[in-house]
Amino acid sequence: MAGSANGNNGGNGDAHGDGRIRLPAYETVALVLQGGGALGAYQAGVYQGLEESGIQPTWIAGISIGALDTALIAGNPPERRIERLCEFWETVCTPAYGPPLLPFIEQALFHSNEVIRKGFTAWQAMQTVLEGQKGFFVPRMPPPSPLSSGDPATASWYDTRPLKATLERLCDFDRINQGGMRVSVGAVNVKSGNFTYFDNVKQTLRAEHFMASGALPPGFAAVEIDGEYYWDGGLMSNTPLARVLQTTPRQDTLAFQVDLWSASGPVPDNLTDVEGRHKDIQYSSRTRMVTDMLQRSQRFRHVLSEVLERVPAEIRETDHWCRVASEMASSKRYNVVHLIYQAKEYEGHFKDFQFGLSTMREHWESGLTDIRRTLDHPEWLDLPENDAGFVTHDIHRDQRP
């Protein structure tokens, strides 16, 4: 389905004078978006930087808030995507009911000293818990009784019907389903416990598919799709990277993996920081595990392919074990570029549900800065030449002293 990125037929990663980057002949250019609630504005900044450089993904895969960003990108023409992402994030970072603070007051509190900023952002997170966010979710009134049975679609503390209206207003689902860009979002089947990907090459996607990917219990209720109920995919795996890299037939792939939780961080010395660090490790570790597993697997396939090339053709064609090895081998190459949000000193354990406008803009700017710094190294986008046929890059790791 995916052709060579940007219509380029070869060459190494190369930056032109206008800032546009010419990619090597990758068959797939993927944007992989992790879950992380309010931190998802970082992903919007990363996408803006890719768009500035002329890099258009041919496949977007997302989970949770990453699925919502996926819908906004895939559901709009290229020239409107940044505008729609901005509209979405400015909407959902507004209180659901009460009037927002005047911009100059909000910015003054956010840009004050660390003590005031920590207190202010904690207050915004509490406001989210009590009031919800405009165009996203609101508390159920009256609150549900923990022991009363009813409709699974209402078994939650918050009502996400405002999100459905927001997605249907900002996203063109006909465009998503036309297949110009592959779209995959992950969710968990509540009844079976199985992980499921909704994919526009297999089914018609609606707002409900993207909402299901972000239906984190008990805050958000399961979403019903074709008689089955689904919860947030992050309950089982917070990154869809394996979906992209393990899909067959295999293709030379450049994947921009955008993570909202950093595996590395300081050892906490109080209970509040313990909870925040716990989230970082819980939601980031699968990305490291998946990347390491896929790199080992592809090294095996790549080495096997090279060994088979040294076996005479008549033996490869007639020997049973050579035919089996040929089915397992792969000479395709994979380049995974990690962009990992680096938590700020003032952020507490509530950073994934602290939807302040100033914080959102800082997240967005962090993503834009990180992708710009990454693309300052166009050689990182080259097809790998090592024996694994697999390479990873991370601006925070590769430039560490």
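The legends below describe close-up views of one predicted model. Residues are numbered from 1 along each chain as its sequence is written, and side-chain values use heavy atoms, with hydrogens and water left out. Local features need pLDDT of at least 70 and side-chain atom pairs count only at pLDDT 80 or more, while totals for chains, interfaces and linings use all residues.

**View 1. The annotated positions Ser64 and Asp232.** An unreviewed UniProt entry gives the feature "active site" at Ser64 and Asp232; UniProt positions are given in the numbering used here, feature names are shortened, and annotations may be inferred rather than shown by experiment. The two span 169 residues in sequence, yet their C-alpha atoms are no more than 5.9 Å apart, so they gather at one spot. A polar contact of 2.7 Å joins their side chains (a pair of N or O atoms within 3.5 Å; within protein, one must be able to donate a hydrogen and the other to accept it, and residues adjacent in sequence count only if both atoms are side-chain atoms).

**View 2. The surroundings of Ser64 and Asp232.** Ser64 is in the loop between strand E4 (59–63) and helix H2 (65–74), and Asp232 lies in strand E10 (residues 228–232). Helices (H or I, at least four residues) and strands (E, at least two) are DSSP runs, numbered from the N terminus. Ser64 is buried at 12% relative accessibility, and Asp232 is buried at 3%; buried means under 20% relative accessible area, exposed over 50%, partly exposed in between (1.4 Å probe, protein chains only). Leaving aside neighbours within four places in sequence, Ser64 is in contact (heavy atoms within 4.5 Å) with Gly35, Ser213, Gly214 and Asp232. On the same basis, the contacts of Asp232 include Ile63, Val188 and Leu216.

**View 3. Strand E12 (residues 334–340) between its partners E11 and E13.** Of the 7 residues of E12, 7 are buried, so the strand is largely enclosed by the rest of the structure. Tyr334, Val336, His338 and Ile340 lie on one side, and Asn335, Val337 and Leu339 on the other. Strands pair if DSSP finds at least two bridges between them. E11 (residues 253–259) runs parallel to E12 with 7 bridges, Val258 having Leu339 as its bridge partner. E13 (residues 390–394) also pairs with E12 in the parallel sense, over 5 bridges, and His338 stands opposite Asp394.

**View 4. Cysteines without a disulfide.** A disulfide is a pair of cysteine sulfur atoms within 2.5 Å, and the count is 0. The sulfur of Cys93 is 10 Å from the closest cysteine sulfur, in Cys86, too far for a bond. For Cys171 the nearest cysteine sulfur, that of Cys86, is 14 Å away. Cys93 is buried at 6% relative accessible area, and Cys171 is buried at 6%.
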